[in-house]
Amino acid sequence: MADSGNEAVEAAARRAEQTRGRNIRPSPDLPELPIPGDTANLREGANLNDACLALLPLVGVWHGEGQVDYPTIDGPVRYAQQLTIAHDGRPFLFHEAKSWLLDDDGNVIRQAAREVGWWRPQPDDTIELLLAHNTGVLEVFYGKPRTQTSWELATDAVVRSTSAKEVTGAKRLYGIIADGDLGYVEERAMVGQSLQPHTSAQLHRVAG
């Protein structure tokens, strides 16, 4: 077990040689704000708030591929995603995900889902995850860490605009998996379907 742990630490150090100098790039065309900026690199910027320590492994910029499938679509469909989880020293994390569909050769077909929101850890270890989607859906998830490197959440409330498709619930599981990648799976209940698998992906750390 000790050898396995040492190998994991050494592997993480090797990966960090490629990512430790990268962070969110501020726009060179905009002036600096007089307040701390967001950072997705724990080596730079504000110190991570103690309240967020249970979420520390999530902080970074992640990039990878997965698939989306559901009874209402002709799937499974291949997609790519960039996920940014950053902080500014306060007791929450910023979350932004951008996705795009791919053909069988890995070429971009078109842009797909976008979401933005906040991870808000609470003193009793509960995690609130608030997400707003470009499709007109707002979701409030609650959950807790399953282990030091995995987190499971389910919706407590779903609100949608009059132009949005029907969504009634969702569950998500995030976890650090083989080689330090971030894996996640999502189940979703929508357009008259019961809660069932919808998306899954494996993301590699590219910054942080």
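This report describes the fold, strand pairing and selected side-chain environments of a predicted model.

## Overall architecture

The protein chain contains one helix and 10 strands. Along the sequence these elements follow the pattern α-β-β-β-β-β-β-β-β-β-β, with the helix preceding the strands. The 10 strands close into a barrel, taken in the order E1-E2-E3-E4-E5-E6-E7-E8-E9-E10, and their pairing is antiparallel. On average, neighbouring strands of this sheet are turned by 25° against each other, direction ignored.

Of the 208 residues in the protein chain, 37% are buried. The exposed surface of the chain amounts to about 12100 Å², and carbon and sulfur atoms supply 51% of that area. Among contacts with a sequence separation of 6 or more, 42% come from residues 24 or more positions apart.

## Closure of the barrel

Strand E1, which spans residues 60-68, pairs with strand E10, residues 196-207. The two strands run in the antiparallel sense and share eight bridges. Within this pairing, valine 61 stands opposite alanine 207 of E10.

Elsewhere in the barrel, strand E5 (residues 127-133) is joined to strand E6 (residues 137-147) by six bridges, again with antiparallel direction. Leucine 130 faces valine 140 of E6 across this pairing.

## Strands E8, E9 and E10

Strand E9 covers residues 182-190 and pairs with E10 in the antiparallel sense over seven bridges. Two residue pairs illustrate the register: leucine 182 has leucine 203 of E10 as its bridge partner, and glutamate 187 stands opposite proline 197 in E10. The two strands form a hairpin with five residues between them, and valine 191 in the turn has a positive phi of about 40°.

On the other side of the sequence, strand E8 (residues 167-176) is joined to E9 by nine antiparallel bridges. Tyrosine 174 stands opposite tyrosine 184 of E9. E8 and E9 also form a hairpin with five residues between them; here aspartate 179 in the turn carries a positive phi of about 60°. Seven of the nine residues of E9 are buried, so this strand is largely enclosed by the rest of the structure.

## Arginine 172

Arginine 172 lies in strand E8. What is the relative accessibility of arginine 172? The value is 5%, and because residues under 20% count as buried, arginine 172 falls in that class. Its side chain makes a polar contact with the side chain of glutamate 186, at 2.9 Å.

Leaving aside neighbours within four places in sequence, arginine 172 is in contact with His95, Glu115, Leu131, His133, Phe141, Trp151, Glu152, Leu153, Val185, Glu186 and Arg188. The C-alpha atoms of arginine 172 and serine 200 are separated by 9.6 Å, with the two residues 28 apart along the chain.

## Serine 99

Serine 99 belongs to strand E3, residues 93-102. Is serine 99 buried or exposed? With a relative accessible area of 9%, serine 99 is buried. The side chain of serine 99 makes a polar contact with the side chain of glutamine 81 at 3.0 Å.

Apart from neighbours within four places in sequence, the residues in contact with serine 99 are Tyr79, Ala80, Gln81, Gln111, Ala112 and Ala113. Glutamine 81 therefore appears both in this contact list and as the polar partner, since contact means heavy atoms within 4.5 Å and the polar contact is at 3.0 Å.

## Aromatic pairs

A pair of aromatic rings is described by the distance of the centres and the angle of the planes. The count for this structure comes to four aromatic pairs. One of them joins tryptophan 119 and tyrosine 174 in an edge-to-face arrangement, with 5.3 Å centre to centre and 70° between the planes. Tryptophan 119 lies in strand E4 (residues 108-121) and tyrosine 174 in strand E8, so the pair ties together parts that are 55 residues apart in sequence.

Both tryptophan 119 and tyrosine 174 are buried. Ring pairs also link Phe92, Phe94 and Trp118 into a cluster.

Methods:
Residues numbered from 1 in each chain as written. Predicted model: local features only at pLDDT ≥ 70, side-chain atom pairs only at ≥ 80, totals over all residues. Heavy atoms only, no water. Pairing = 2+ DSSP bridges. Helix = DSSP H or I, 4+ residues; strand = E, 2+ residues; numbered from the N terminus. Axes fitted to C-alpha atoms, helices over the stretch in contact; angles between N-to-C directions. Buried < 20%, exposed > 50% of the residue type's maximum accessible area, 1.4 Å probe, protein only. Areas by Shrake-Rupley, 256 points an atom, 1.4 Å probe, with all protein chains shown as cover. Polar contact = N/O pair within 3.5 Å; in protein donor to acceptor, adjacent residues only side chain to side chain. Phe/Tyr/Trp six-rings, centres within 6.5 Å; stacked < 30°, edge-to-face > 60°.
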